[in-house]
Amino acid sequence: MAASRRLLAIADDLSGAAEVAAALHSRTTRSRVLLIGRPGAVNGGVSDEVNGAGTTGAVNGGVARALRPRHPGEATVLDLDSRYRPATEAAEAVREALRLSSPDENAPDALDTLVLKKIDSLLRGNVAAEIAALGEGGAGVVLAPALPIAGRVVRSGVVHLGGVALHESDAWRAETLPPPASVVHALGGLPTALVPLTTVRASRRTLLTALRTAAAAGRVAICDAETDADLDAVVEAALAEGSRMRLVGSGGLALALGRHLRTTLNAIGAGAAPAATGKRGAPAADAAPAAPPAEMAVGATEAAASPASAGKPVLVVVGTAEPAAAEQVRRLVEDGAVHHQLPLAGLLSGGSPVRLPPLTAPVTVVSLGAPSGAPDPAPPHGAVATDTAPLPSPRPTPEAVTPAAASGPAPKPAPSPAPHPAPDTPPTPASPPVAAADRTRPDRSDGETGKQPGAVSGRRLVLGLARVIGDAVAAHHGAVDLVLTGGETARRVLDALAVAELDPVGQVHHGAVHLSTPDGRSVVTRPGSFGDPDSLRQIVQALRPHSTERKVTP
């Protein structure tokens, strides 16, 4: 990639955008995250307001200017906040991002924008609709969703997790639909061409021929991959076609692209990218020089240990459905963090708002799980429940995802994917009871129709959680650093705080990305499904090396 080429990465949630930014950020490629979307839309409706470069309600021209790279070779990473929007809206969001990034088709750089679309490695979200929009206009699409570092590989077009096929696992337990039986199945009728592992591992010419053949036929090339070397081969072959091929994949493909860019730019002697900044043009108080991923974890720890950030409290927000989160919280509390569980009924109701006590402790962790009628949403210091309630999917009523849904009316829409029988997996723990007024009803218009009576509204729950966090941060005199688990939770919290731009600083561990806001606050995002039992402990230690005193048990 020439230093003058622009790189646009598009993600459907914030943790994914942060993951891509960290993968691309190095001494030769600078990256930043812009939060584009319609914050707080409970009903999934369309709003005229767009966030861009810290300005709410910016017109398209202002957003387009914000998307322009500030430095040569800079990668702009957009969080479209589209995973749980209706498929037609998600597709239009992708189209708009492409239009705004290259508003003038006759501009010198209009045809020199390399596009990477980040999707969930578990194929959640509006994968079919967004890929259909990405391939409009004759662009070739290369799809490689494998994430080897997390044990997620693609064999014969089927995603496997630790050797188990996705549709035979319980990875979609919080979703409203069963998982797809294959990547083809997830694309809902889009024309595809499977590129088997033997072709991926053949010569570059053989792989490139397969990708070209698929693109010429208007088919999405679905690439098998089991290792980082496989993804490296896919990236190298696709980029041999320049910007005519659009890459789609998980964070694994983003890492492969980052490795490719560093190798290419180092070979041509590209200059170092500027260090991360806080306020425009000035170094952030806790920012570290941009570094390759292998050095980023060290950079994050050293940056956060600076005197300017030592006195800030850390607020950890756990809004994830993952059962492992309870153990992660327990270990953080064991280290001295103050834990507050929030009652679901209080977050969902329109009555008295739930409020957190003042953030006086060095580390405060907030999670969900106290049902209606619990005596106190804030248990005593050191107490932590191990039955944290799962966070249901915020997805609105499922709609048929077809090529026609992504590109407008068609004479004969393709059929919806055939339903796949639910696998034999442990049932999802029952949600705590909520007030009758908060139960989902078929006649509701809040984007949660179609669920079983008594189901908790995931979207309303996350919005309620974000309001509580926003109020607590606003009431604190001084800056607060944040650790946000789950992409939906992270986005809603930052929307509540009016944060629309982030610069990557480092990685604590894979998926846990340390970012900086324009005013110098630290934000660490992490997907809910990532991290071992010590994940939150490691993140807090990286941000505040001496904020808690580890308790030693005999």
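User: Hi! How many bridges join S8 to strand S9?

Analyst: Hi there! In this predicted model, four bridges join S8 to strand S9, residues 158-161, and the two run antiparallel. As one example of facing residues, Arg-152 stands opposite Leu-161 in S9.

User: What is the order of the strands in that open sheet?

Analyst: The order is S8-S9-S10, three strands with antiparallel pairing. Strand S8 (152-155) and strand S10 (164-165) are the edge strands, each pairing on one side only.

User: Okay, switching to S12. Which strands pair with S12 in the parallel sense?

Analyst: Strand S7 (residues 140-144) does so over two bridges, and strand S11 (residues 192-195) does so over four bridges. Leu-143 stands opposite Ile-222 in S12, while Val-195 has Cys-223 as its bridge partner there.

User: And are the S12 residues buried or exposed?

Analyst: Val-220, Ala-221, Ile-222 and Cys-223 are all buried. Val-220 and Ile-222 point one way, and Ala-221 and Cys-223 point the other way. In a regular strand, side chains alternate between the two faces of the sheet.

User: Neat. Now helices: at what angle do the axes of H15 and H16 cross?

Analyst: Helix H15 (residues 458-475) and helix H16 (residues 487-496) cross at roughly 45 degrees, with their axes coming within 8 Å. The two helices are therefore oblique to each other, and H15 passes H16 in a right-handed crossing.

User: Which residues meet there?

Analyst: From H15, they include Val-462, Leu-463 and Ile-469, and from H16, Arg-492, Val-493 and Ala-496 are among them. The residues of this contact divide into seven nonpolar, two polar and two charged.

How values were computed:
Residues numbered from 1 in each chain as written. Predicted model: local features only at pLDDT ≥ 70, side-chain atom pairs only at ≥ 80, totals over all residues. Heavy atoms only, no water. Pairing = 2+ DSSP bridges. Axes fitted to C-alpha atoms, helices over the stretch in contact; angles between N-to-C directions. Parallel < 35°, antiparallel > 145°, perpendicular 65-115°, else oblique. Left-handed = near helix turned anticlockwise from the far one by under 90°. Contact = heavy atoms within 4.5 Å. Nonpolar A, V, L, I, M, F, W, Y, C, P; charged D, E, K, R; others polar. Buried < 20%, exposed > 50% of the residue type's maximum accessible area, 1.4 Å probe, protein only.
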